[in-house]
Amino acid sequence: MSKADESTVSTDVSTATASKTDDDTILSVENVSKHYGGVVALEDVSLSIKENEVLSIVGDNGAGKSTFIKLLSGVIPATSGQFYMRDEETDEMEHIVLESPSMAKRAGIETVFQDMSLSMQHDVASNVFMGREPLKDGISGKLFRRIDREYMEQRSIEALDEIGFEIDPRAITEELSGGQQQAVAVARALISDPRIVILDEPTAEVSVEGSQKILDLIEELQASGKTVIFITHNLQEVFDVADRVAVLRSGNLVAELDNDGTIDREDLVGRMTGAIQ
Ligand SMILES: Nc1ncnc2c1ncn2[C@@H]1O[C@H](COP(=O)(O)OP(=O)(O)OP(=O)(O)O)[C@@H](O)[C@H]1O
């Protein structure tokens with residue numbers, strides 16, 4: 001990435017509180033753009049994500065979907081624009097800076113990318129806790145602390161159970177099905193108890209049966225109080241589990257639709273392709 005790509009508009013955190021909104025927004029994206037040199041990947045996108053909703057992001061190839069979630073995940077910085085998150089204690093919308101993955105995680109946003117970043121040779125519990133292994137005192141007390149495998153395995157079982165999967169925490173990850181691997185990646189995201197879980201094409205590499213389990217998993221996440229944003233190319237999945245749909249086309253947000261039974265498939269495709277303006 002060139003220096004120009006990494007440029008961001010400075011964001012003054014000290015003036016960071018937006019006015020109290022009286023709606024149920026958890027995350028507000030305001031006038032966000034992302035330019036890769038001369039390529040405009042996103043242009044002036046504003047979108048309110050509602051507390052505890054399942055929001056699907058759809059769009060044709062190159063529409064800007066991946067760019068949008070990379071911005072929310074802190075993987076790449078925005079060229080301009082602002083993000084606000086509702087503070088759990090004050091109920092105010094607070095300005096947040098999403099310029100690194102750790103900033104996004106601290107803000108309560110966890111993302112499962114399509115490649116899942118799992119270590120296939122390691123077992124399930126190791127993947128769930130990768131980089132965050134809990135320690136317990138060794139026989140010489142705090143001097144020789146060691147990884148608390150027992151806790152890792154128990155917590156992995158619980159985290160997977162919460163999303164409707166029963167997977168042996170000692171199973172080697174590469175031996176699992178695509179759907180089970182996706183579940184392990186989601187369980188890892190859940191360990192830090194995020195408020196918003198972003199899923200990047202979670203069913204892309206998964207069998208039909210596995211896909212249904214993933215859709216059930218999305219509903220489990222919502223039932224447990226999470227807000228879910230997911231990207232998919234499969235419109236049936238949108239109809240099945242999304243509360244709302246945001247349509248991106250050529251870097252612009254061209255429609256926000258409630259999935260209340262009134263969305264017409266042809267209309268949606270037309271908005272995605274530009275046949276309907
Ligand atoms: N690192 C990059 N450098 C330059 N241009 C990029 C880069 N990443 C994405 N783009 C461009 O930005 C635009 C949006 O890409 P993005 O990957 O966000 O779209 P998408 O909707 O996720 O597409 P797909 O469904 O094919 O994954 C495209 O024109 C793409 O070529």
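# A tour starting at helix α2

Seven of the eight residues of α2 are buried, which leaves this helix mostly covered. A residue is called buried if 20 or more other C-beta atoms lie within 10 Å of its own, exposed if 12 or fewer, and partly exposed in between, with C-beta atoms placed from the backbone. Helices (H or I, at least four residues) and strands (E, at least two) are DSSP runs, numbered from the N terminus.

The model is predicted: local features need pLDDT of at least 70 and side-chain atom pairs count only at pLDDT 80 or more, while totals for chains, interfaces and linings use all residues. Residue numbers start from 1 along each chain as its sequence is written.

**Stop 1: α2 and the ligand**

Select Lys65, Thr67, Phe68, Ile69, Lys70, Leu71 and Leu72; these are the buried residues of α2. Just after the helix comes Gly74, with a positive phi near 75°.

Now show the ligand. Which residues surround the ligand? They are Tyr36, Val39, Ala41, Gly59, Asn61, Gly62, Ala63, Gly64, Lys65, Ser66 and Thr67. A residue is taken as near a molecule or strand if its C-beta atom, placed from the backbone, lies within 6 Å of it. Two elements, β2 (39-50) and α2 (65-72), give two or more residues each to this shell. The largest share, three residues, comes from α2.

Colour the shell by class: four residues are nonpolar, six polar and one charged. In this scheme Ala, Val, Leu, Ile, Met, Phe, Trp, Tyr, Cys and Pro are nonpolar, Asp, Glu, Lys and Arg are charged, and the others, Gly among them, are polar.

**Stop 2: the four-stranded sheet**

Stay with α2 and look at what it packs on. The helix lies across β1 and β2, and runs at about 60° to β2. Contact here means C-beta atoms, placed from the backbone, within 7 Å. Angles run from 0 to 180 degrees between N-to-C directions, and axes are lines fitted to C-alpha atoms, for helices over the stretch in contact.

The open sheet has four strands in the order β2-β1-β4-β5, with antiparallel pairing. Strands β2 and β5 (93-96) are at the edges with a single partner strand each, so one side of each has no neighbour in the sheet. Neighbouring strands are turned by 20° against each other on average, direction ignored. Two strands pair if DSSP finds at least two bridges between them.

Select residues 25-36 and 80-86. These are β1 and β4, which pair in the antiparallel sense over five bridges. Val29 has Phe83 in β4 as its bridge partner.

Then go to Asp44, which is in strand β2. Asp44 is not a glycine, yet its phi is positive, about 55°. With 14 other C-beta atoms within 10 Å, Asp44 is partly exposed.

**Stop 3: the six-stranded sheet**

The other stop with a sheet is an open one of six strands, in the order β6-β9-β10-β3-β11-β12, and its pairing is mixed. Which strands form the edges? They are β6 (109-112) and β12 (252-258), each paired on one side only.

At the β6 end, β6 pairs in the parallel sense with β9 (residues 196-200) over four bridges. Select Glu110 and find Val197 of β9 opposite. Next select residues 208-223: this is helix α7, which packs on the sheet and touches β3 (54-59), β9 and β10 (227-231). The direction of α7 makes about 155° with that of β10.

Two loop residues are worth selecting here. Asn234 is in the loop between β10 and α8 (235-241). Asn234 and Ala204 are 30 residues apart in sequence, and their C-alpha atoms are 8.8 Å apart. Ser250 is in the loop between β11 (244-249) and β12. Ser250 also has a positive phi, about 50°, although it is not a glycine.

**Stop 4: a helix pair**

Select residues 149-162 and 178-190. These are α5 and α6, which pack at an angle of about 110° with their axes 9 Å apart. The two helices are therefore roughly perpendicular (65 to 115 degrees; under 35 is roughly parallel, over 145 roughly antiparallel, and the rest oblique). Where they meet, Ser156, Ala159 and Leu160 in α5 face Ala183, Ala187 and Leu190 in α6. By class this contact has five nonpolar residues, one polar and no charged.

**Last stop: the whole protein**

Zoom out to the whole protein: it has nine helices and 12 strands. Of its 277 residues, 41% count as buried.

Note on methods
Two residues are in contact if their C-beta atoms, placed from the backbone, lie within 7 Å.
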